[in-house]
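Visitor: Could you walk me through this one? I would like to start with the overall layout and then look at some helices.

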Amino acid sequence: MLGVVNKSIQSFLCNHHGSSVWREVVERIGIAPEGFEAMLDYEDRQTEMLLGAAETVLDISREALLEDIGAWLAMTESLRRLLRFGGADYLEFLFSLDDLQGRAMMALPGLELPELSLNGETQGRFTLVVSGWMPGWGAVMAGILRAMADDYGALVLIEASELQSRPGVGEERVSVCLLDMDHAEGRRFDLAGPAHEGSLSTERVTV
């Protein structure tokens, strides 16, 4: 597991819940408060231990934790820019999700994101199929989709399904019902943007 995943969880806990929560989490799993290095590789079990300890400390479910992480990540400027490059409105953004894995790997080679496939159903209704080796990516994507709906000013209903396993991979589905693309004024987005925002990174954390 590339360390940027663990580092993102660390950043979320520190910046969203405070350094005291992070210190309690690291005490439970026996690592230094400095945490993880984004570009180092770590064993998958460390990610599982990290999430398990965070669930216990925050007293929330795994799904709720991962969805909160997804929503928070979508608001970090580097990932927000990567997502917003997918389209001028929320519908174009949805159709760009099939290519998100490739775009993310171009920005950060070695990052093992799940495969995404968007299936259209009736008008305004979609199913995002999330296929990856690690369970929980569906909840992360549900959080990202909700945050991006606010970013674009769209009114959307989103629901993540239970994990369905098949040999070697887990498959999760996220239902998306697009009710109104112009429900509210979206956040301003500058396509050019500052030069330093072009790469995928985690936000500064204080521990």
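Here is a short conversation about the predicted model shown above.

Visitor: Happy to begin with the whole chain. How many helices and strands does the chain have?
Guide: Reading along the sequence, you meet the pattern α-α-α-α-α-α-α-β-β-α-β-β-β. Counted up, that makes eight helices and five strands.

Visitor: What percentage of the 207 residues is buried?
Guide: Let's take the surface before the interior. The chain exposes about 10,600 Å², and carbon and sulfur atoms supply 50% of that area. Buried here means under 20% relative accessible area. By that cut-off, the buried share of the 207 residues is 48%.

Visitor: Which helices do the buried residues of helix 1 pack against?
Guide: Helix 1 covers residues 3-17, and twelve of its 15 residues are buried. Among them are Val4, Val5, Ile9, Phe12 and Leu13. The partners of these buried residues are helix 2 (19-29), helix 3 and helix 4.

Visitor: What phi does the glycine just after helix 1 take?
Guide: Helix 1 reaches 21 Å from its first C-alpha to its last, close to the 21 Å expected at 1.5 Å a residue. Just after helix 1 comes glycine 18, whose phi is positive, at about 105°.

Visitor: Are helix 3 and helix 4 roughly parallel or roughly perpendicular?
Guide: Two packed helices are described by an angle and a distance between their axes. For helix 3 (residues 44-58) and helix 4 (residues 62-75), the axes lie 10 Å apart and the angle is about 105°. Angles of 65 to 115 degrees count as roughly perpendicular. The pair is therefore roughly perpendicular.

Visitor: How many residues in the contact of helix 3 with helix 4 are nonpolar?
Guide: On the helix 3 side you find Glu48, Leu51, Gly52, Ala54, Glu55 and Leu58, which meet Arg62, Leu65, Leu66 and Ile69 in helix 4. Of these contact residues, one is polar and three are charged, while the nonpolar ones number six.

Visitor: Why is helix 8 described as largely enclosed by the rest of the structure?
Guide: Helix 8 takes in residues 137-152, and its end C-alpha atoms are 22 Å apart, in agreement with the expected 22 Å. Just after helix 8, glycine 153 has a positive phi of about 80°. The helix is called largely enclosed because its buried residues number 14 of the 16.

Definitions and conventions. Residues are numbered from 1 along each chain as its sequence is written. This is a predicted model: local features need pLDDT of at least 70, side-chain atom pairs count only at pLDDT 80 or more; totals for chains, interfaces and linings use all residues. Side-chain values use heavy atoms; hydrogens and water are left out. Helices (H or I, at least four residues) and strands (E, at least two) are DSSP runs, numbered from the N terminus. The expected span of a helix is 1.5 Å times one less than its number of residues. Buried means under 20% relative accessible area, exposed over 50%, partly exposed in between (1.4 Å probe, protein chains only). Axes are lines fitted to C-alpha atoms, for helices over the stretch in contact, and angles run from 0 to 180 degrees between N-to-C directions. Angles under 35 degrees count as roughly parallel, over 145 as roughly antiparallel, 65 to 115 as roughly perpendicular and the rest as oblique. Contact means heavy atoms within 4.5 Å. Ala, Val, Leu, Ile, Met, Phe, Trp, Tyr, Cys and Pro count as nonpolar, Asp, Glu, Lys and Arg as charged, and the others, Gly among them, as polar. Accessible areas come from the Shrake-Rupley method with a 1.4 Å probe; for residues, only the protein chains shown count as cover.
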